[in-house]
Every structure is written in C-alpha cells, then in structure tokens.
Amino acid sequence: MTQRKTQTAHYWQKQFIAGNQDLEAIYNQILEHNQPIRLDAIAVDLIRRHCDAEERETRRELQEGRLYQPKESYEKNETLVFPALGFATGTVVSTREGQHPGYGKFMVISVDFDGSTKEFATQFDHDHPLNMSDQSLANLQGLLSPEELYQVYKDSIYPKLKNALNANDDFVMFHDRYFLLDLLPEFHEGLFNIADAAIDINNGPLSVDALIEQMGLVKEAQEITDVMRFSVSYRLANDERFDDVGPTGRILWYLDRIAPPEAHHPPRRLLVNAQPYDSNLFDEDLRVLLAEIDDETINLEDIKPLDPDADSVIIVLNYPHRRVGTLPLTPKTKPFFPSSHYNPVLFEFVDGRTGNSFPGWTVLEHNYVFGLEKWYNKNKLPAGAYITIKRTDNPMQVIVDYQATRTQRDWVRMASVTGNKLTFQMNPAPLSCKYDELMIIGESDASKLDDFWMKAEERNISTCDLLCNLFPVLSKLNPQSTVHAKTLYSAANVIRRIGPGAIFQELLTRPCFIPMNHGYWTYDPSLRD
Amino acid sequence: MAKYIKPTLDTKFHIDFSWWQKKGQNLRSYLQSHACPPCKELAQDSQGQIFDWVNPETGEVFQIDMLWHIIHTHCSEDPTFLDSRIPLTSAIFRAFILNGNIPLTSIEIHQKISKKTPELILRTIGRRQVYKGIKPVTTPV
C-alpha cells in the first residue's frame, strides 16, 4: 500500500500552500460558527479537509469496495476491502450459516482473492475491533489524525496558513484568532476617544469588558459577547493610541503615550550582536559556568531546568542590565513573570524590603523585564549583585529583592576610562549587599563609561580584540596574572553586550588564551594570531 | 513460499489454523494432549463437532474442532493449566488457547506463561520451521 501524501513531511513542508479553496473553506467555517476561531483550530480543520480529500481518492482507488465489517451483511458478487489484510480487495462468492458456541449463529461469507478463498464472519454483531464506528480507511490504516499531523508539522503549516490569512482582506486577526471583516460591527470613532479617556482616568490598564461598558456598547455586563470583545480589541489593536499590556489569556488595554519606550524598543545597551556558539566544544568547567551565568543569549539546552514549583530564584545582575534597569528573561527567570507572546505585559514589582510596588514590564520579544532602574539606584546595587525574584499569590505582582548586608567597604573591581582605554582597578567601595565576587563591577563615572561604550560600538572591534585588550588590565588585578572566565564576561559587557557563550568560544579557539584550572585563563600576546 | 522475515521481540504470533489445514494435521488429536480429564469427558460428547472460530483481528473464519472451545472455556479457570512443569512449547500453545488466539509478542507470551525469557521464547517460535501452527501474524491474502 502506498503511503498517503498527507502523512508525509514532504507534503506539509514542501507542497502545501493555503490556496483559494482552503481560504474559501475557512471563510465558510468562520461564517458558520459566527465566532472568532483560533488559528490552531483553523489549521486542524484544514488538515482534516486535506486528509478527507485523500481518503475519498483512496477509496476510489480501491474500486469503491465497501469496507469489510463483521457486523454488516454482504451480497454475493459484492466487492469488499479488508482493512486487516493489508486492504486487499476480494469478491463474495458464497454465503453460509455459521455458528459459535459462545456467539451463537451468524453468517459466513466466502471471499475470492484472485484465486484463493477465505471465509469471514458477517452479521456478527459482537465486540470486534473491525466493528468500531470510525471505519475510515485512514483510521484503519493507523494513520496520524489531523490533530497529530498538526503537532508534527505545525512549524510548517502554522506560518504558511497565517501568511495566507493575513494577506487576504476578508479576514481580520487579533491574538491569533481570526474573524471575518464583513462580520465586524461598525463603531463610531468617538467611542474610542471615550476608551482613551477611560484608561487615562483609570491611570492604569482596563480590561476589554470594562472598556465595552465604558463605551456604552452594552447596558449589562452579561450582554458582552465574544464577538464584541474580539471586534473592540481588533479596533483598539489597530489604533496606535492603544496597547494591549495583558498577559497570555488576558486582554488589558493601556495607552501607548503612557507606556515607556522600553516596553516596545529594547535599550541599546541590551542589543546583542548574536554570535552563535557550540557548547559541545566546551569543557566541563566552561559548561558549568555557562549554566551559572544569567544571560538571555545562552542557548536553552545549556541551562539547567529550574524546579517548576520553585517560589524564588536568585540571579546575578550583569552590567548592561544594571545600567538600564532591566533583568534578563532566561529559562530561570521567565516562569516568574507574567508574559505574552503578543505584547509587552505591564505588571507590578513589589520591593522585597519595603513592600512598595512599582510598575514593571515583561518584554518577551526581547527577553527582558524593565522598570528596575530607580530600585537599583536607590539600593546602590552594583553589577554582580545577587537579585532575588519571588512569586506572590497574584501572578501580576512579582517580588524583587537583594541579599542585604551591613554596609562595609569591600575591594571592588572598578571600571574607569583612562585616556582612550578601559581600565580596572581594585578599589574599596561601600557595599550593603551580597554579590558574586567574580562578576562584581563598580564604576566611578558612569557617563564616561557610556561615552566609551558608544565609541567602542562604533569601532565594532572583534570579540578577540576585545578580549585581548581586556586581559592585560584584568590580569594585573590578580597575583597569579590569571582572569576568571566569568570576570572576563562581566568586564566585556561594560563596553559590549556579548553573551558568555561567544566569549568562551573565543577563549577556546584562540591559541593566545591559555586555560588554567577552575575557569581561570591566562593570555600570551605572542601567540595572538 | 512466503518470504521469511526474521521476527523480533515486537513481532506478534498466533496459531495459524490454515497451517493445520494445509499440513493436513489433526488439531483435535493435538488438543487432546492439552485437555484435562474433565475436558476429555466433555469432549467425548463433542466427537466430530466443529464450530466457526472468528479471528479476533481480521474477522476471518476457521472451522475448528469443538475441543478447542471446551478447553478454552473450561481450563481458563484452572490455575494449573499453565503449570511451570509443562514444556515451553506446550505452554505457549496453551497461552493462545486461553486468550482466544489473540496475537501476542514474545514479551507478552512471557508475561502470561512466566517461563524462560522473551528472547528464548522468540528463538523457539521464531524459527523458519513452524511449530504446531504458531507463526508470526502476517496479512497476506
């Protein structure tokens, strides 16, 4: 039996396009339901239609024989298809009465398969797998169901279907749910001025239901329909004054003019020139270090899975995030913050020291949470400080804390710009928090460092040159003249947003960097290539 | 002759009644060796009787000696029917009598008869030479 095309990767990945017939069927599907439909559901239905079409075709190929089921009765000369015999077709040549001491009487047919004859039970209305109700050929052949096919080939089907629907003016979309433009109700433009004012007065986001009520579209909240929610949300999403800032499953409308620019545009300090790396090249020491560093550029498979029930997580703050008041979204931190794949999410940070709350933004698209600059400054937290993130009973409130100590003067790696060079010196500085000694970076003049960072960005020197420049100034701080890989990562990020994977790869592939034990490295300028 | 495909631990086996028909061997005589004394007594009345056995997967019908049904119904309650002292091949045959000849893998057979190992069972019934009709399930017509 030949393999069905709808069961193959080739069909869904190469051949399939959502054509006019598909779009017409989807149009009718939405029209029939008169409800917005999720793209996933549309896709599964589309796959089902393709599979059904092939099923009909396959049946035609099987000479339109009836599928044999023991419970049915068949006539002489009738052609049958036998699913449990590799879909062989045969012709009924005779019938007789059969009997079984347990089942009683039934009929037996003799079937001719090109010269050989076999007997089969008919009018046999007892438990038998072939008597099951779903007797499509696809089911009997043990083929993947449309739902299973979608799971397997979603990566190909989803974007193709989405692009086709988005390119067609008949369909409108909000949060991956599709509806028909013709079915959208008309709204007076003034209603959206009311929505704007309502959010402004509320001084915070409003749910779509609250806005519908404020806009006077219903008299009672119970009158709000799903179509109304979709229609209003669709209109708001296409009005540049409004932003959806709700987490997945919740739509909360806010005003774009109130939202900070960082809700949509990542701070320049965080922009990474993504350099791929291969952790298979790393030794055990580097792999452990990679998993320890909290950096959004690290590949998912290189990070130890976090206990999903953990109530808190501790991360080490790096310099770029410290400067712009953000935290990285990594597999360790992501579960603690409300997020959405569609939009930035507005939530509340709760200060673990004071209980005061202040706004935070989860920007999943760029892997950071924003809103901590004032909190970092108020608590004088350096890059390298341990930051604790804790859950609360309210998923829209996240506690942020640090490990406070009595203020003491510790020796800190201070970054400064001397002449046209970035330098580091060990200087005593007052600190009142616990920190990672290998990662801590202090600064005496942040604005000078910013200028230097801007110039370094413009010069765009290679990672190797960057590390070669840093090694001499960092190795002077250590009597052994070695530099720890974590320290190198932390220092490099003062002037370049760069992930630890890219740095470690550079260390491994350049002969001028020589590994010592336990994550420490030395540098031999004579071996620089 | 059908092409021999080496069975694996995942291959399902059953008693192929057509093998008995083709070989002209007397299934009743062989079944007698598996019948306990009460079954043998019951079987005396069924001498010459056959019934239509329905394949639990394909719906195919074979006319089988009534003794099969007597052993199947009577001995299924008898805990000594799969006694550890009987030979492995007999135990395998009996496992199929008890379960109504529903196809089983070597692993499943081992779970039922609790004798030897699945690998040894596979080596025993997975050979080219068919023992008492116990064959891999195939779907040829």
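Q: What makes a stretch of residues a helix or a strand in this predicted model?
A: A helix is a DSSP run of H or I with at least four residues, and a strand is an E run of at least two. On that basis, chain A has 15 helices and 24 strands. The model is a predicted one.

Q: Why do β4(A) and β5(A) count as paired strands?
A: Two strands pair if DSSP finds at least two bridges between them. Strand β4 (residues 88-100) of chain A and strand β5 (residues 104-113) of chain A are joined over nine bridges, in the antiparallel sense; therefore they satisfy the definition of a pair. Within this pairing, S94(A) stands opposite S110(A) in β5(A). The two strands, β4(A) and β5(A), form a hairpin with three residues between them.

Q: How do you know that β5(A) also pairs with β6(A)?
A: Seven bridges link β5(A) to strand β6 (residues 116-122) of chain A, and these strands run antiparallel. The definition asks for at least two bridges, so β5(A) and β6(A) are a pair. S110(A), which stands opposite S94(A), also stands opposite E119(A) in β6(A). The hairpin of β5(A) and β6(A) has two residues between the strands, and D114(A) takes a positive phi near 50° there.

Q: Why are β20 and β21 of chain A said to stand at the edges of their sheet?
A: The open sheet of three strands has the order β20-β19-β21 in chain A, with mixed pairing. β20 (421-433) and β21 (442-443) each have a single partner strand, so one side of each is left without a neighbour in the sheet.

Q: What makes β19(A) and β21(A) a pair?
A: Strand β19 (residues 404-418) of chain A and β21(A) are joined over two bridges in the parallel sense. Because the definition requires at least two bridges, this pairing meets the cut-off. In β21(A), E443(A) is the bridge partner of A415(A). Helix α12 (residues 446-459) of chain A packs on the sheet and touches β19, β20 and β21 of chain A. The direction of this helix makes about 45° with that of β19(A).

Q: What makes residues of chain B and chain A count as in contact?
A: The criterion is that their C-beta atoms, placed from the backbone, lie within 7 Å. By it, twelve residues of chain B are in contact with 21 residues of chain A. Strand β2 (residues 50-54) of chain B gives the most to the side of chain B that touches chain A, with three residues. By class, that side has five nonpolar, four polar and three charged residues.

Key. Residues numbered from 1 in each chain as written. Chains lettered and ligands numbered in written order. Predicted model: local features only at pLDDT ≥ 70, side-chain atom pairs only at ≥ 80, totals over all residues. Contact = placed C-beta atoms within 7 Å. Nonpolar A, V, L, I, M, F, W, Y, C, P; charged D, E, K, R; others polar. Axes fitted to C-alpha atoms, helices over the stretch in contact; angles between N-to-C directions.
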